[in-house]
Amino acid sequence: MNRHLKKASDIKTADLSLLEILKQVNLVPGKIGVFDNIDELDLSGYFDLQGIILILIEKGSCLLEVNMTTYELEKGGVFVAFPGQIIHMLQISKDFKPLCIACSIDMMNDLASQVKDSLQLIQMIKQSPYQQKEKEEFEQLKKSFKHLQEKIEITKKNQHRYQIIKNLVLSIAFECFDFLIGKCLVHQGGNRKKSLFNAFLRNVEERHRKEHSVKYYADELFVTPKYLSTVIDEMSGKGAKQWIDEYIALDAKVLLQSTQMDIQEISDELNFPDVSFFGKFFKRMTGMSPKAFRMNK
């Protein structure tokens, strides 16, 4: 039998401070929380993730919505979510037991700095955030998780504690997403084009609510709009404008479904000149008006 969670209309902030109510959690304050029991957490409603969370499903299953896409997480699966994503737990089986590793944004950036082409890798994982593992492979991941828990506890007085924990987390990430990491490393394109692609995605993630034009991002990166569009299309199969519009549309859908902001407020938040312009944009991207989308939730 499954637990159906109450749906809330406001978005809550989810960071490491939420874990402080747990009786059993391994913490490096401000950096990482490792836990395997979520019974004490109120998971109803929507959460704006302020960190990264890796979930290994040891038992049971759950239905999880991330940025309007629903995933069914089952025993033996691995799932990851990133900062800025809106998480909504729809349903949890009574025997659901996740093994969770939650890292702050600072720690995530620190980890990413040690991985080649990390932004491209993050984008690939966002497109395929859930993987089902073979039994033996998942058992090895469980051992790595338990080892991480132990190390957090026994290194409390070690002056190199953070470095030790960071390396263990990075190792688990490599174990979980080895296929995507290998695919990222053989990605086509020169270093200059990769750097441009990474910088473009980073800028769009940070500024798409205010800046909608390819020219703005091209100017920021000291290239022409035509060259930027060509490189982005070559590296990703999608044009620069498509990336920008998809980020804006996703934000619009999340705000319409999970907040009580009216359509005028959402239009202003996303920096459209007026509601009519926003409505035309939204219908072009989704096939329905903002009002119809909200009523259809």
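Let us start inside the fold, at glutamate 65, which sits in strand S7. The model you are looking at is a predicted one, and this residue makes a good entry point. With a relative accessibility of 11%, glutamate 65 counts as buried, because the cut-off for that class is under 20%. Setting aside residues up to four places away in sequence, glutamate 65 touches Tyr46, Thr70, Ile86, Ile87, His88, Leu90 and Gln257.

The last of those partners, glutamine 257, takes us into helix H9. Glutamine 257 is buried too, since its relative accessibility is 10%. If you would like a sense of distance from here, look for glycine 30: the two residues are 227 places apart along the chain, and their C-alpha atoms are separated by 31 Å.

Before following the helix, step back to the whole protein. Its secondary structure consists of twelve helices and twelve strands. Along the principal axes, the C-alpha atoms fill a box of roughly 55 × 45 × 35 Å. The radius of gyration is 20 Å, which agrees with the value near 19 Å that a compact globule of 297 residues would have. Of those 297 residues, 47% are buried. Contacts across the sequence are well represented: among contacts with a separation of 6 or more, 73% join residues 24 or more positions apart. The accessible surface comes to about 15300 Å², and carbon and sulfur atoms account for 52% of that area. As for charge, the protein has 41 positive and 39 negative charges, and the mean positions of the two sets are 1 Å apart.

Now let us go to the interior. In soluble globular proteins, nonpolar side chains tend to be buried together. Here the largest nonpolar core has 32 residues, and the members that touch the most others are Phe200, Leu228 and Leu270. At least two residues of this core come from each of helix H6 (191–207), helix H7 (214–220), helix H8 (225–236), H9 and helix H11 (275–286). H9 is the biggest contributor, giving nine residues. For a close look at this core, select phenylalanine 200: beyond its neighbours within four places in sequence, it is in contact with Tyr217, Leu221, Leu228, Ile232, Ala240, Trp243 and Ile244. There is also a second, separate core, made of 30 residues, with Leu56, Val80, Val115 and Leu148 among them.

Helix H9, which spans residues 240–258, also holds aspartate 245. This residue is buried as well, because its relative accessibility is 6%. Apart from residues up to four places away, aspartate 245 touches Phe281, Arg284 and Met285.

Lysine 126 offers another view, this time from helix H2 (residues 118–127). Its relative accessibility of 21% makes it partly exposed, as the buried class needs a value under 20%. The residues that lysine 126 touches, leaving out those up to four places away in sequence, are Tyr71, Phe82, Gln85 and Glu205. Alanine 81 is 45 residues from lysine 126 in sequence, yet the C-alpha to C-alpha distance between them is 7.5 Å.

Some of the loops deserve a visit too. Glycine 76 lies in the one between S8 and strand S9 (77–81). Although it is in a loop, glycine 76 counts as buried, with 8% relative accessibility. Beyond its neighbours within four places in sequence, it is in contact with Ile57, Gln131, Gln132, Lys133 and Phe138. Its C-alpha atom is separated by 7.2 Å from that of glutamate 134, which is 58 residues away along the chain.

Two other loop residues are worth checking for their backbone angles. Most residues other than glycine have a negative phi. Methionine 68, however, has a positive phi, near 75°. You will find methionine 68 in the loop between strand S7 (61–66) and strand S8 (69–74), and its relative accessibility of 23% makes it partly exposed. Asparagine 271 also has a positive phi, in this case near 65°. Its loop runs between helix H10 (263–269) and H11. Asparagine 271 counts as partly exposed, with 37% relative accessibility.

Note on methods: Residues numbered from 1 in each chain as written. Predicted model: local features only at pLDDT ≥ 70, side-chain atom pairs only at ≥ 80, totals over all residues. Heavy atoms only, no water. Helix = DSSP H or I, 4+ residues; strand = E, 2+ residues; numbered from the N terminus. Rg over C-alpha atoms; globule rule 2.2 N^0.38 Å. Buried < 20%, exposed > 50% of the residue type's maximum accessible area, 1.4 Å probe, protein only. Contact = heavy atoms within 4.5 Å. Areas by Shrake-Rupley, 256 points an atom, 1.4 Å probe, with all protein chains shown as cover. Lys, Arg positive; Asp, Glu negative; His and termini not counted. Charge placed at Lys NZ, Arg CZ, Asp CG, Glu CD. Core = buried A, V, L, I, M, F, W, Y, C linked by side-chain atoms within 4.5 Å.
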